[in-house]
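Reader: Got a minute to go through this one with me? Let's start with the backbone, then move on to packing and cysteines.

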Amino acid sequence: MQKPVLHTLLSPRLLDLYDVDNSIVVIIDVFRATSTIATALYNGAEKVVPVAGVEDCIAIGKKLEAVTAGERDGKIIKGLQHGNSPAEYFREFIEGKTLVLTTTNGTRLLHMALDKGASEVVTGSFPNLSAVSEHLIASKKNVILGCSAWKDRFNLEDTLFAGAVISRIKEHFTIHCDSSLMAEDMYNLHGNNMYAFIRKLTHWHRLSAFGLEKDLEYCVTPNVANVLPVYKDGALVAG
């Protein structure tokens, strides 16, 4: 029996080069959107509605009587209630509520994947590493591990997560993809020393300036929010 095919997308700018149709696309935005999504759903959020624009976030939040959240440059956006920190979405606060979240990179890639005919869109980060890996094995479909990057520029934290997934599932897939090979090699080099290694990353320097070191360490900690966010009817829900 022929194995499904896996590719790693290093930037949303490259999506047009891949056959998205009938593939599962994993949206990866480690610092911090997909870590926050997993955490909110793990702690009992009813759903997370990802939107690109701030005005949409405010309007949908009012319509759904939902929690609204988003940041730009490490600060909560004016008119929204909360930020992008996973630590804000503990169970006592978020359980049973809807979260409307505006993010720059991950939301854009999610909608691009849907527009190109992805059969399913899920979100992944280290906090839900096992849930994502197990789902991809069980689905037996082609997979694109989609790194959200930063303003279309390559980043290492998303690529490291892709490598972590590949290291767990590669026996079940055909992988002839240099970006996947690189992702897995980078993870094998640094996966046992992530807290130290992430301090070298561009995004660490950008976000740690806002006092977010604990957030960033949490975002590379495996399986602390091990739930599978699946996109259905305009929102991410626990699969």
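Author: First, a term: helices and strands here are DSSP runs, numbered from the N terminus. Also, this is a predicted model.

Reader: Fine. Which peptide bond is cis?

Author: The one from F31 to R32, with omega near 10 degrees. R32 sits in the loop between β2 (24-28) and α1 (33-42).

Reader: And what sign does phi have at K140, positive or negative?

Author: Positive, about 55 degrees, although K140 is not a glycine. Most residues other than glycine have a negative phi.

Reader: Where does K140 lie?

Author: In the loop between α5 (129-139) and β8 (143-147). K140 counts as exposed, at 62% relative accessibility.

Reader: What about phi at K151?

Author: Near 50 degrees, again a positive value in a residue other than glycine. K151 is in the loop between β8 and α6 (156-169).

Reader: Is K151 buried or exposed?

Author: Exposed, with a relative accessible area of 54%. The cut-off for exposed is over 50%.

Reader: Switching to packing. How do α6 and α7 cross?

Author: Their axes come within 7 Å and cross at roughly 90 degrees. Helix α7 covers residues 178-190. Angles of 65 to 115 degrees count as roughly perpendicular, so α6 and α7 are roughly perpendicular to each other.

Reader: Which residues meet there?

Author: From α6, they include L156, L160, I166 and R168. From α7, they include M182, M186, Y187 and E184. By class, the contact has nine nonpolar, five polar and two charged residues.

Reader: Back to α1. Is T39 buried or exposed?

Author: Buried, at 4% relative accessibility. T39 is in helix α1.

Reader: What is T39 in contact with, leaving aside its neighbours within four places in sequence?

Author: P86, Y89, Y218 and A225.

Reader: Last topic. How many disulfides does a search of the whole structure find?

Author: Zero.

Reader: Why is there no bond at C147?

Author: Because the closest cysteine sulfur, in C177, is 10 Å from the sulfur of C147, too far for a bond. A disulfide needs the two sulfur atoms within 2.5 Å.

Reader: And why none at C219?

Author: Distance again. The closest cysteine sulfur to that of C219 is in C147, 15 Å away, too far for a bond.

Reader: Are those two buried or exposed?

Author: C147 is buried, with a relative accessible area of 0%. C219 is buried too, also at 0%.

Notes. Residues are numbered from 1 along each chain as its sequence is written. This is a predicted model: local features need pLDDT of at least 70, side-chain atom pairs count only at pLDDT 80 or more; totals for chains, interfaces and linings use all residues. Side-chain values use heavy atoms; hydrogens and water are left out. Helices (H or I, at least four residues) and strands (E, at least two) are DSSP runs, numbered from the N terminus. Buried means under 20% relative accessible area, exposed over 50%, partly exposed in between (1.4 Å probe, protein chains only). Axes are lines fitted to C-alpha atoms, for helices over the stretch in contact, and angles run from 0 to 180 degrees between N-to-C directions. Angles under 35 degrees count as roughly parallel, over 145 as roughly antiparallel, 65 to 115 as roughly perpendicular and the rest as oblique. Contact means heavy atoms within 4.5 Å. Ala, Val, Leu, Ile, Met, Phe, Trp, Tyr, Cys and Pro count as nonpolar, Asp, Glu, Lys and Arg as charged, and the others, Gly among them, as polar.
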